[in-house]
Amino acid sequence: MSEKLLDKINYPSDLKLLKKNQLKTISEELRSELVDVVSETGGHLGASLGVVELTVALHYVFNTPKDKLVWDVSHQCYPHKIITGRKDKIRTLRKGGGLSGFTKRAESEYDSFGAGHSSTSISSALGIATAKKLSNDNNSVVAVIGDGAMSAGMAYEAMNNAGAMKSKLIVILNDNDMSIARSVGAMSKYLARLLSGKIYFSLREAFKLILSAFSKRFLKTAGKAEDMLRNVVTGGTLFNELGFYYIGPINGHDVNNLVTILENVKNSNHNGPILIHAITQKGKGYKPAEESSDKYHGVSTFNIATGKQSKSKSNALSYTKVFANTLIKHAENDTKIVAITGAMSSGTGLDLFEKKFPERMFDVGIAEQHAVTFAAGLATEGYKPFVAIYSTFLQRAYDQAVHDVAIQSLPVRFAIDRAGLVGADGPTHAGSFDITYLSTLPNFVVMAPSDEAELVRMVNTSVCINDRPSAFRYPRGVGIGIELPNINEVLEIGKGKIVLNGKHIAILNFGARLYECKKASEILKAKGITITILDARFAKPLDEKLILEVASNHEAIISIEEGSIGGFGSHVVQLLSNRGFFDKGLKFRSMTLPDKFLDQDTPEQMYKKAGLDCGSIVEKAEDVLRSNVVIAKNKSKNFS
Ligand SMILES: Cc1ncc(C[n+]2csc(CCOP(=O)(O)OP(=O)(O)O)c2C)c(N)n1
């Protein structure tokens, strides 16, 4: 077998040794390596396949890592990783101890900025460009952003700023007309209009534009002609109005064309930001991904020949599906129920809702802030909005949750998916903070189901909460496979339940660690320690009566939740300390996520590392019983 060009490419410096006419071959090799790798690791295949030529051209032309390259979301960074020193490790992608599935500053000097959430690239690149200007550093700064990510407000805030600052910044708009699903909104339509007629700029035309823009001599004589040409081809652009020099649309898969345009842009003396509009195809070059680019956005491991992805072996329904099915049942009877997603219809199960009630489902684009305030507006008119959102992305809309929802006590329902640790996507996608940041808000009801049947009850309860906001948070993955209750079973707000009665310790559980608690109780029982398990159901309002009761009957309390410090356990501590329980010698331990960001691994391993698995519960229980109340004795030593 003849040696591949890719075998010799480890760094961009190796790539630069190739002749221009070899770039097509290297792109093809990179693409097939990518398919091979992701078939083993799973991950974001479609987006990475779509930027192969762009990645090659960028590293061929620019002098990375001195020139800075910022990938938006950075789920498309796999080809970038392969040619920036990480080829040997690429098959560890998204695995415990392996490469991150996103750019990560700690991983490589070629990763100028870490991401995972969308639409941050222009802001961060502008910051980098401004820092460079302040330090008289002439290296280039390039941001690559997708058309989906262009639906978020942050991208416009950044362009608005960059245009006004006349910053030297290159933005590449990677337009594949797809977010995870089809891109939505007026901007997406506008980009399609720029492409109307389906013609790309020919190299000659693009060249003319660049020359006319960047050569002062040419500008003098041909400025008007350039304007005319541009207006004929694009009809003038919003980007120009924002202060960007717009070039495009160009074919993002023609690597030689890309190189020529990038070289010109790099060497230009244009004063101000430039936007290159590149048209690409998501999943390019791998048929199953081309034909089903939404399903190939993120994939599990798959068979290359058939394109068939591996499926979960469990027969239990996912929490996502249980939520969606329950909401659909309610919506059949209640026409006021509406559902909102920020570009995550399949991830949140709202694609199922949309099939039934297309007029009552709103995909607002990657616009979480808007999604929440939009829902608040709907609530003022008597509608029952359900914002289905991943915990990690709700972080974006915190002020909207406070200012637009909580202060006005509007009955917006938050269906918070992927709450807790999420596995391969790692820290940018972990749903760690929602219990903490929502439970501090007056008016909010905050629930977490211990299994999928409880999730149904919480959706039911949320439908009935009409005077204040409510949230229920549930984990990624499947439930435990139990029978689901009907949609009339509603919980009493702020009431928990005792799941198991014991003598020595009471575990207060909030969320889906309940089954780890039950397993731990069996192990402890064999050691002569019996525990009470309380399923709190509510972090807010707390079931104060029940918590005080178990605190009175047990020597020790342990709280457990799949969330950060400052959440359910902290509220329990506050309650017990205010009621003087600790003065009387009650022992307490909280089990939360640790105060650090955990790298990707399997969810099981991550929970083990976080100290929230069965073994950790057993240890914690033994530890709390071993400890004696010795504060008085140690007082002079410890508190002097
Ligand atoms: C704030 C935020 N919301 C939602 C997501 C989930 N998400 C990841 S990629 C993606 C689509 C991005 O589309 P685009 O920018 O066009 O890139 P493409 O995948 O098409 O290359 C979405 C919605 C996210 N990463 N960040």
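**Ligand shell, a helix pair and backbone exceptions**

Trainee: Which residues come nearest to the ligand?

Mentor: The ligand has 22 residues around it, where near means a heavy atom within 4 Å. Of these, the ones that come nearest are H75, G148, M178, K282 and E368. This is a predicted model, where local features need pLDDT of at least 70, side-chain atom pairs count only at pLDDT 80 or more, and totals for chains, interfaces and linings use all residues. Residues are numbered from 1 along each chain as its sequence is written, and side-chain values use heavy atoms, without hydrogens and water.

Trainee: How far is the side chain of H75 from an oxygen atom of the ligand?

Mentor: Look for a polar contact, a pair of N or O atoms within 3.5 Å. An N or O atom in the H75 side chain pairs with a ligand oxygen atom. Their distance is 2.7 Å.

Trainee: Which residue offers a polar backbone atom to a nitrogen atom of the ligand?

Mentor: The distance to that nitrogen is 2.9 Å. The backbone atom belongs to S118.

Trainee: How much of the ligand does the protein bury?

Mentor: Start with G148, whose backbone N or O atom lies 2.7 Å from a ligand oxygen atom. Alone, the ligand exposes 580 Å² (Shrake-Rupley method, 1.4 Å probe). The protein buries 98% of that.

Trainee: How do helix 4 and helix 12 cross?

Mentor: Helices here are DSSP runs (H or I, at least four residues), and strands are E runs of at least two. The axes, lines fitted to C-alpha atoms over the stretch in contact, have angles from 0 to 180 degrees between N-to-C directions. Those of helix 4 (residues 52-61) and helix 12 (residues 255-267) come within 9 Å and cross at roughly 40°. Therefore helix 4 is oblique to helix 12 (under 35 degrees is roughly parallel, over 145 roughly antiparallel, 65 to 115 roughly perpendicular, the rest oblique).

Trainee: Where is P541, after its cis peptide bond?

Mentor: Most peptide bonds are trans. The bond from K540 to P541 is cis, with omega near -5°. P541 sits in the loop between strand 15 (538-540) and helix 23 (544-553).

Notes. Polar contact = N/O pair within 3.5 Å; in protein donor to acceptor, adjacent residues only side chain to side chain.
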